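Subject: Structure for you to look at

Dear colleague,

I am passing on the structure we spoke about, and below it you will find my notes on what turned up in it. Please read them with the structure open beside you.

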Amino acid sequence: MSSKLFPRRMMLIGLMGLAGCGFAPIYGADDGFRGRVAFETDDSVAGFRLRTRLEQRLGRSAAPAFVLKTSVESSSRSAAITSEGDTSRLNIIGKARWTLTARDTGQEIDSGEVEAFTSYSATGSTIATQATRDDAEARLSVILADMIVSRLLVRAARPAS
């Protein structure tokens, strides 16, 4: 019986330790930017995918207090070449620049740039290669959006300067 209580006690002691050190979840009582941001993205597939992921993570806003403007660039680079000289794997390198401004004053609150890459195989048929490329581009947009959201959540958790 006491062996069952030991893990529970250790968990409670661990939680008390976290509470004592000032630990607070990033999504605390104040939701930070959740439901308070309007998104402006490129008129492109990558921009649409980025906006969709940002809305999934931060929510849509009926009365936004902030505007997040983003722009996305991407390029392809060979990652693997066969002995015959054919490209068998490609990387898509993406970069997203973003700026967060206060909607009422237009004052820039924060800005930055994130960069990531994804890969896809080019060894199948033309249709299969295009499908894997589309999937890689979609994954890249999600990665870039998640990196932006992470930076915004850290910003929201910091005291105003």
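A residue is called buried here when its relative accessible area is under 20%, and exposed when that area is over 50%. Please keep in mind throughout that this is a predicted model.

By that cut-off Leu100 counts as buried, because its relative accessibility is 0%. Leu100 lies in strand E3, and its C-alpha atom is separated by 6.7 Å from that of Phe66, although the two residues are 34 residues apart along the chain. Once neighbours within four places in sequence are set aside, Leu100 is in contact with ten residues that I list in full: Phe33, Val37, Phe66, Val67, Leu68, Gln107, Glu108, Ile109, Asp110 and Leu152.

Leu144, which sits in helix H3, likewise counts as buried, because its relative accessibility is 1%. With residues up to four places away in sequence not counted, Leu144 touches Leu50, Val72, Gly94, Lys95, Ala96, Val114, Glu115 and Ala116. The C-alpha atoms of Leu144 and Leu54 are 9.5 Å apart, with their positions 90 residues apart along the chain.

Both leucines belong to the largest nonpolar core, which has 25 residues, and they are listed with Leu54, Leu68, Ile148 and Leu152 as the residues with the most contacts inside it. At least two residues of this core come from each of strand E1 (37–40), helix H2 (45–58), strand E2 (66–81), strand E3 (87–102), strand E4 (108–121) and helix H3 (126–157), and the largest share, 8 residues, is supplied by H3. Leu152, again leaving aside neighbours within four places in sequence, is in contact with Phe33, Leu58, Leu68, Trp98 and Leu100. As general background, nonpolar side chains in soluble globular proteins tend to be buried together.

The two helices H2 and H3 also deserve a look, since their axes come within 8 Å and cross at roughly 45°, which means that H2 is oblique to H3. The crossing of these helices, H2 and H3, is right-handed. On the H2 side the contact is made by Ala46, Arg49, Leu50, Arg53, Leu54, Arg57 and Leu58, while the residues from H3 include Asp134, Glu137, Leu144, Ile148 and Leu152. Sorted by character, the residues of the contact between H2 and H3 are 12 nonpolar, 1 polar and 6 charged.

With best wishes

Technical notes
Residues numbered from 1 in each chain as written. Predicted model: local features only at pLDDT ≥ 70, side-chain atom pairs only at ≥ 80, totals over all residues. Heavy atoms only, no water. Core = buried A, V, L, I, M, F, W, Y, C linked by side-chain atoms within 4.5 Å. Buried < 20%, exposed > 50% of the residue type's maximum accessible area, 1.4 Å probe, protein only. Helix = DSSP H or I, 4+ residues; strand = E, 2+ residues; numbered from the N terminus. Contact = heavy atoms within 4.5 Å. Axes fitted to C-alpha atoms, helices over the stretch in contact; angles between N-to-C directions. Parallel < 35°, antiparallel > 145°, perpendicular 65-115°, else oblique. Left-handed = near helix turned anticlockwise from the far one by under 90°. Nonpolar A, V, L, I, M, F, W, Y, C, P; charged D, E, K, R; others polar.
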